[in-house]
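Work through the exercises below with the structure in view. Try each task before reading its solution.

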Amino acid sequence: MKSFTLNLQTRIIFGRGCLSRLGGEAASLGDRCLLVTGRSFARESGYLKTLVEILSESGLKVTVFDKVEPNPSIGTVYKGAEEGSKNNCNLVVALGGGSAMDAAKGVAFLLKSNSKLEENLFPNEVNDALPLIAIPTTCGTGSEVTKYAVLTLVKNHAKRKVVLLGNPLLPKVSILDANLLNHLPKELVAYTGFDALSHALEAYTSKDSTPFSDLLGLEAVRIILENIIEAFRGSPEARENMLYASMLAGMAINFAGTEIVHAMGYYLTNYHNVHHGLANGMLLPHVLRMEIQKGFGKLEDAALRLGLVNGMELVKKIEELVDRVGIPRSLKDLGLEEDELDAMVADALSYERNVNKHPLPLTAEDLKMLFTTAFSGRRFQA
Ligand SMILES: [Fe+2]
C-alpha cells in the first residue's frame with residue numbers, strides 16, 4: 001500500500017443551524033475580525049448582517065471586506081489585506097463560495113507575512129497565516145477544508161490561475177450549515193456540484209491519490225450522483241447531502257490534488273468567463289471516457305464499487321446528469337471558436353501541477369482530441 005501522511009487540522013462543524021456557533025468559535029481565535037465575502041449574495045440574503053451581529057455579540061470588532069469578485073484577482077487580495085491591516089485584524093472569517101474563501105486565505109497569509117503573494121505562489125509553500133474560519137454558501141469548492149487558494153494573476157493581458165498553498169491556509173474552523181444553501185440559485189447548485197464531482201473523481205484518478213483519498217473521493221461521487229438532480233430541483237435534504245459530499249471531495253483533493261479536467265477548464269474560465277464548475281462539468285465526461293478507453297482499470301474498479309456495470313456506464317451516467325441540469329452540450333455553444341483549439345491545448349499543458357497528476361501517459365494530441373470532441377459536442381441523447 002502507498003504510504004501517506006494524514007493531517008486533519010480543521011475543526012468541522014456540520015449541521016443545520018450551526019452558524020449560531022460562529023461567535024464562540026471566533027472569540028476563541030481572535031478579537032478583531034475581518035469578514036471577507038462577495039459583492040452581493042451575503043448582503044442581499046441578509047447573512048452579512050447576521051454574521052456581523054453574531055460576531056459583535058461575542059465581543060469581536062468586525063471589519064467587512066465585501067469586494068471579492070468571482071475568480072478573485074491577486075489585486076483584490078491585496079485590497080482585503082489593506083483593510084485588515086488598517087483595522088489591526090487578528091482573525092479572518094470567510095463567507096461565500098470558493099472565491100470568497102480563497103481570497104480570504106490570501107488575505108490571512110498577507111496579514112501575517114511581510115512578503116508578497118507573488119513570491120510565495122506554488123511551487124513555494126506559505127509558512128504562516130492568520131487563523132481563518134470558513135463558512136461555505138455553495139456545495140462545490142471544498143475550499144473550507146483545503147490548504148489551497150486558487151487566485152487569478154493578470155499579466156500583459158494573459159490570465160493565469162495561480163495557487164497559494166500550505167497547511168497554515170487550512171481553515172481552523174469550518175462551519176457547514178445547509179440553511180445557507182436555501183438561497184443558492186439552481187444553476188449554481190449544478191455548477192458547483194459538478195466542480196465537487198470533478199474534485200472527487202480527479203482526486204481518485206490522480207497519481208497522488210492514496211487509499212484514504214480514494215475513500216473520500218468515492219463516497220463523494222456516490223452521494224453526488226444520487227443527489228445532484230434533487231438538489232438542483234431545490235430539495236433541502238439533497239442540498240445538505242451535496243454540502244457534505246463537496247466537503248469530502250475537498251478533503252480528497254487536499255491529499256491528492258486535481259488533474260487535467262481542472263487544467264483544461266482554466267482556459268474557459270480565464271478567457272470566456274465560463275463558471276469554474278460549468279467548465280469542469282463539460283469536460284469531465286470526455287476525460288473519463290479517454291481514461292477508460294486507454295484501459296485505466298482503477299476507473300473500472302470505481303464503477304463496480306459504485307454498483308455500476310463498468311466504467312463506460314459511469315461516464316454515461318455523468319453525461320445524463322450533465323444534460324438533465326441543462327449544461328450546454330458543446331464548447332461551440334458557449335461561444336468558443338475552432339481556431340482557439342491550439343491555444344487551449346497550450347494553456348492546459350502549462351498547468352504542470354495538474355497535468356503531472358494525470359495517471360496515464362498524456363500527449364498534446366490527447367488534449368487536442370479532448371478539446372476537439374468537447375468543442376464539437378456530445379453524442380449521448382438523454
Ligand atoms: Fe475546482
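**Exercise 1: Two domains**

Task: describe how the chain is divided and what domain 1 gives to the contact.

Step 1. The chain is split into domain 1 (11-180) and domain 2 (185-376), with bounds from an automatic or database domain assignment. This is a predicted model, in which local features need pLDDT of at least 70 and side-chain atom pairs count only at pLDDT 80 or more, while totals for chains, interfaces and linings use all residues. Residues are numbered from 1 along each chain as its sequence is written.

Step 2. Taken over C-alpha atoms, the centres of domain 1 and domain 2 are 25 Å apart.

Step 3. Domain 1 brings 20 residues to the contact and domain 2 brings 27 residues; two residues are in contact if their C-beta atoms, placed from the backbone, lie within 7 Å.

Step 4. On the side of domain 1 that touches domain 2, strand E7 (158-165) gives the most, with three residues. Strands are DSSP runs of E, at least two residues, numbered from the N terminus.

**Exercise 2: Strand E2**

Task: state whether strand E2 is mostly covered or open, and find which strands pair with E2.

Step 1. In strand E2 (residues 32-38), six of the seven residues are buried, that is, 20 or more other C-beta atoms lie within 10 Å of their own, with C-beta atoms placed from the backbone. Strand E2 is thus mostly covered.

Step 2. E2 pairs with strand E3 (residues 61-68) in the parallel sense over six bridges; pairing needs at least two bridges found by DSSP. Here Leu 34 has Thr 63 of E3 as its bridge partner.

Step 3. E2 also runs parallel to strand E4 (residues 91-96), joined by five bridges. Thr 37 has Leu 95 of E4 as its bridge partner.

Note on methods
Helix = DSSP H or I, 4+ residues; strand = E, 2+ residues; numbered from the N terminus. Buried ≥ 20, exposed ≤ 12 C-beta atoms within 10 Å, placed from the backbone.
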